[in-house]
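Please examine the sequence and the structure shown below. The explanation that follows considers one position in a loop and then turns to the ligand and its surroundings.

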Amino acid sequence: MTVSRGEFNSRVGFILAAAGSAVGLGNIWKFPFEVGKGGGAAFVLMYLAFCFLLCYPVMVSEIAIGRKTRRNPVGAFKALGFRRWAIVGYMGLMAGVLILSFYNVVAGWAFGYFLEMVQGNFEIGSQFDGFAADWMKVGLYGFFFMAITAYIVSNGISNGIERAAKFLMPTLFLLIIALMIYAMTLPNAIEGLKFYLIPDFSALTPTVLYAALGQAFFSLSLGMGALITYGSYVSRDQNIVTAAAFITLTDVGIAFLAGFMLFPFVFSQGLPPDGGAGLIFVTLPGVFETLGATLGIVIGSAFFLLLSFAALTSTVSLLEVPVSYLVDEHGIKRSRAVWLIALLIFLIGVPSLLSNGASSIFTNFVTLMGSDSPVDFMTLVGYIANDTMLPVGGFLISVFVAYVWKKHNLNEELATGDEDLRGSWLQTYIDIAISYICPVILGVITVVTVLDRFFGIHLFS
Ligand code: TRP
């Protein structure tokens, strides 16, 4: 069974693939614009706290469940003998499908921007609204993107995912560092840094907490079983706790650097930081232009190409989850499952594609209770799948591990491949976090912020 499902070829293979899943549009597109909307540094602090204190223990749990059972998220709960908990897996599948449906649209933007940069069209920044509203063009890019994702996933674990992750991530990392250094030299950069780094705690509303928690889960690919699935391909001699630490640090590190790069750019161009989902797309082309035509084209194209690749290692992980479910639980051939689901998700993404100006119905989709302006369809799907379902998934996973599967089983699995863990402070922290901190804090924040966001009920304010 183990052999026929495939396994990562090497230790680094798993770590890079999981880090590749985590690092994506979430770090470079979503994180900066959420920081901008959330008022800056206070959001950043909450995000960091959530990632390390709450998400890390959940990540460790997901990987352990996956490696223990060697199953997809639905099959994993069943294999442990708790059939009713499979509902957490089903919810994860749904969240993943919804997330991929809009993620793919933004990946289409990134790829489209690569093509614009190649042609030296630096004006595209100021034309973002028109670009995003051109649904035929963006739809075509999105379709292309989904097809490549499907192609990689259909080639199976070690050939597809592992190879793609290996050489692209370090390159992206270096490019962000270089741009960050350049950003520091620009006028007004310091204003951007202040916004990014000096917290104003009066900005910490339930709305901001809601977004920061959702961002932490989204960025780490957590709460929907993507890491249960990746964990199912990990060998028993791998050290889960260390691997998860590396994945978390890499992901948070890249998001943090992306913000460091972007806010000086935003402020030096006199743009508003709360510009929303278009923030990097509006800001960056003008920055590349200041590098001069030739260098601007080279750096600009490289940036959006690498961003597209970062998105690809994430879409691959999102598609892998429902595929592994159909293969394991329903015996469907891998290649067939891949193309079927990819097409379905692309179609589910059409309203999101239309919700950025192309169709007024989807662009002004609903006005939530307690709010006075309408949100677009894509944003709404983000609220539901990303900001709500992922933290709820994380909550349920922590409750499951602590009180149903039981901690000693988790500890047993974690110690496999890491004998030194037994009795260490890290194990103590994971124990406490999974039994008390995660269930309580995730539970409370989710209830409070969901009431606030969707129903306009303000328990604290
Ligand atoms: N973490 C990815 C990003 O930041 C997106 C992603 C990939 C994801 N797989 C996921 C989000 C699973 C939630 C669940 O771009």
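In this predicted model, Ser373 belongs to the loop that runs between helix 18 (360-363) and helix 19 (377-415). How exposed is Ser373? Its relative accessible area is 41%. Because residues count as buried under 20% and as exposed over 50%, Ser373 is described as partly exposed. A distance helps to place this residue: 280 residues separate Ser373 from Leu93 along the chain, and their C-alpha atoms are 31 Å apart.

The ligand may be considered next. Where does the ligand sit? The ligand occupies the largest cavity. It is surrounded by 16 residues, and the closest of them are Ala22, Gly26, Tyr103, Phe218 and Ser221. Several helices contribute to this shell: at least two residues come from each of helix 2 (11-22), helix 3 (25-37), helix 11 (206-219) and helix 15 (293-330). By residue type, the shell contains eight nonpolar residues, eight polar residues and no charged ones.

Individual atoms of the ligand can also be paired with atoms of the protein. A polar backbone atom of Ala22 lies 2.9 Å from an oxygen atom of the ligand. For Ser221, a polar side-chain atom is 3.0 Å from a nitrogen atom of the ligand. Ser219 instead offers a backbone N or O atom, which is 3.1 Å from a nitrogen atom of the ligand. How much of the ligand's surface does the protein bury? Taken alone, the ligand exposes 360 Å², and the protein buries 100% of that area.

Key
Residues are numbered from 1 along each chain as its sequence is written. This is a predicted model: local features need pLDDT of at least 70, side-chain atom pairs count only at pLDDT 80 or more; totals for chains, interfaces and linings use all residues. Side-chain values use heavy atoms; hydrogens and water are left out. Helices (H or I, at least four residues) and strands (E, at least two) are DSSP runs, numbered from the N terminus. Buried means under 20% relative accessible area, exposed over 50%, partly exposed in between (1.4 Å probe, protein chains only). A residue is near a molecule or strand if one of its heavy atoms lies within 4 Å of it. A polar contact is a pair of N or O atoms within 3.5 Å; within protein, one must be able to donate a hydrogen and the other to accept it, and residues adjacent in sequence count only if both atoms are side-chain atoms. Accessible areas come from the Shrake-Rupley method with a 1.4 Å probe; for residues, only the protein chains shown count as cover. On a 1 Å grid over the protein atoms alone, a cavity is a set of points where a 1.4 Å probe fits but cannot get out, and a pocket is an open set with protein on both sides within 12 Å along at least five of seven lines; lining residues have an atom within 4 Å of a point. A molecule sits in a cavity or pocket if more than half of its atoms lie within 2 Å of its grid points. Ala, Val, Leu, Ile, Met, Phe, Trp, Tyr, Cys and Pro count as nonpolar, Asp, Glu, Lys and Arg as charged, and the others, Gly among them, as polar.
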